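Work through the exercises below with the sequence and the 3D view open. Try each task before you read its solution.

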Amino acid sequence: MATTGESIVDCDLAVVGAGPSGLFATYYAGFRGMRVALIDSLPELGGQITAMYPEKAILDVAGFPDVKGRDLVEGLVAQALTAKPEQLLGRTATDLVTDDEGLTLTLDDGTAVRAKALVITAGIGKFSPRPLPAAAGWVGRGVEFFVPGFEPYRDQDVVIVGGGDSAFDWAIHLEPIARSVTLVHRRDAFRAHQRTVDQVLASSVQVVTKAEVAALRDAEGGASGPLAELELVVEGESRVLPAQAVVAALGFVADLGPLQQWGLETHRRHVVVDPSMRTSLPRVFAAGDITEYPGKVRLIAVGFGEAATAVNNAAVVIDPTAHVFPGHSSEGS
């Protein structure tokens, strides 16, 4: 593994992004006999799943009626590591230079990755949560943006603010663990899937709509002690809820970061690709949520197929004598 400083890593294929699509791309490149460097700005493998919802049940991966994010990542990591990739974690790719022989990625710690092709699987790029204005000063002191584990919320009064899939998923998972769960949303319409909304509405979770969070307070009515209560304004009237924990599930702002400076054609913060997963730059491919093309569907399952397509087409760029489709993996077992 490369260390910090002026290190040089040589490989056939560089993969930027170690989420599900990047992990599968890494495995598939190894299946095709490529030397792989796997790069991610996060310190561990798994991408958004590991960082945001490892305990969430994922229902739309083929072959798994119900799989926890953590378990899915565990399997993907084990599969990817069969390729024996050079893991460059906790590092951000800042610069890209291409030439007739290959390309060079420069990372923010000075490492240079020399590759013959690149697959970008960076999801939505770097992301930062949308803030909850009334919670300023409480982040890390009772207010969190993600729920990586449920046990810390046992026997607590939990308020979840938001109306999207994450808010409703966390409400379902926390209901049997927390003392009480209240979901607060500023509108009476939700962005979450209707099936999940119906589950929450049929549960013991209290749903409060047309509400804004006005203030958070400790037991003395101040802000110096542990979080104890939350004040809402519901259609102009004040309402106070007990709350030892607040989850601000208000979504996040995506940022492609340095990728936007590489000359890639983008559309609404996504990288435009053709049916071969080629980008507008030579030797550069993309797969997963970061891609954009007519009819694009952003599902983990779709990302797996795009990763295989990208790697197979990159294989021909790396070795012009290679075939786009190498045959089925079962044929080589």
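**Exercise 1. Place two rings along a helix.**
How far apart in helix α1 are Y27 and F31, in residues and in turns?

*Solution.* Start with the numbering. Y27 and F31 are 4 residues apart in helix α1, so about one helical turn separates them. Keep in mind that this is a predicted model.

**Exercise 2. Classify the ring pairs.**
Are the rings of Y27 and F31 stacked or edge-to-face? Which class fits Y27 and Y28?

*Solution.*
Step 1: set the scope. The whole structure holds 7 aromatic pairs.
Step 2: take Y27 and Y28. Their centres are 6.3 Å apart and their planes meet at 80 degrees. Planes over 60 degrees apart count as edge-to-face, so this pair is edge-to-face.
Step 3: take Y27 and F31. The centres lie 6.4 Å apart, with 20 degrees between the planes. Planes under 30 degrees apart count as stacked, so this pair is stacked.
Step 4: widen the view. Y27, Y28 and F31 belong to one aromatic cluster that also includes F24 and F304.

**Exercise 3. Assign burial.**
Is Y27 buried or exposed? And what is F31?

*Solution.*
Step 1: the cut-off for buried is under 20% relative accessible area.
Step 2: Y27 has 17%, so it is buried. Y28 is buried too.
Step 3: F31 has 30%, so it is partly exposed.

**Exercise 4. Describe a helix packing.**
At what angle do α1 and α6 pack, and which residues meet?

*Solution.*
Step 1: geometry. Helix α1 (residues 20-31) packs on helix α6 (residues 300-318) at about 35 degrees, with the axes 8 Å apart. The crossing is right-handed.
Step 2: contacts. From α1 come P20, S21, F24, A25, Y28 and A29. They meet I300, G303, F304, A307, A308, V311 and N312 of α6.
Step 3: composition. This contact counts 10 nonpolar residues, 3 polar ones and no charged ones.

**Exercise 5. Read a sheet.**
In what order do the strands of the open sheet of 3 strands lie, and which are the edge strands?

*Solution.*
Step 1: the order is β16-β17-β18, and the pairing is antiparallel.
Step 2: β16 and β18 (237-242) are the edges, since each pairs on one side only. The twist from one strand to the next averages 25 degrees.
Step 3: β16 and β17 (residues 227-234) share 7 bridges. V213 has L232 as its bridge partner in β17, and E212 has V233.
Step 4: check burial of β16 (residues 211-218). Of its 8 residues, 6 are buried, so the strand is largely enclosed by the rest of the structure.

Conventions: Residues numbered from 1 in each chain as written. Predicted model: local features only at pLDDT ≥ 70, side-chain atom pairs only at ≥ 80, totals over all residues. Heavy atoms only, no water. Axes fitted to C-alpha atoms, helices over the stretch in contact; angles between N-to-C directions. Helix = DSSP H or I, 4+ residues; strand = E, 2+ residues; numbered from the N terminus. Left-handed = near helix turned anticlockwise from the far one by under 90°. Contact = heavy atoms within 4.5 Å. Nonpolar A, V, L, I, M, F, W, Y, C, P; charged D, E, K, R; others polar. Buried < 20%, exposed > 50% of the residue type's maximum accessible area, 1.4 Å probe, protein only. Pairing = 2+ DSSP bridges. Phe/Tyr/Trp six-rings, centres within 6.5 Å; stacked < 30°, edge-to-face > 60°.
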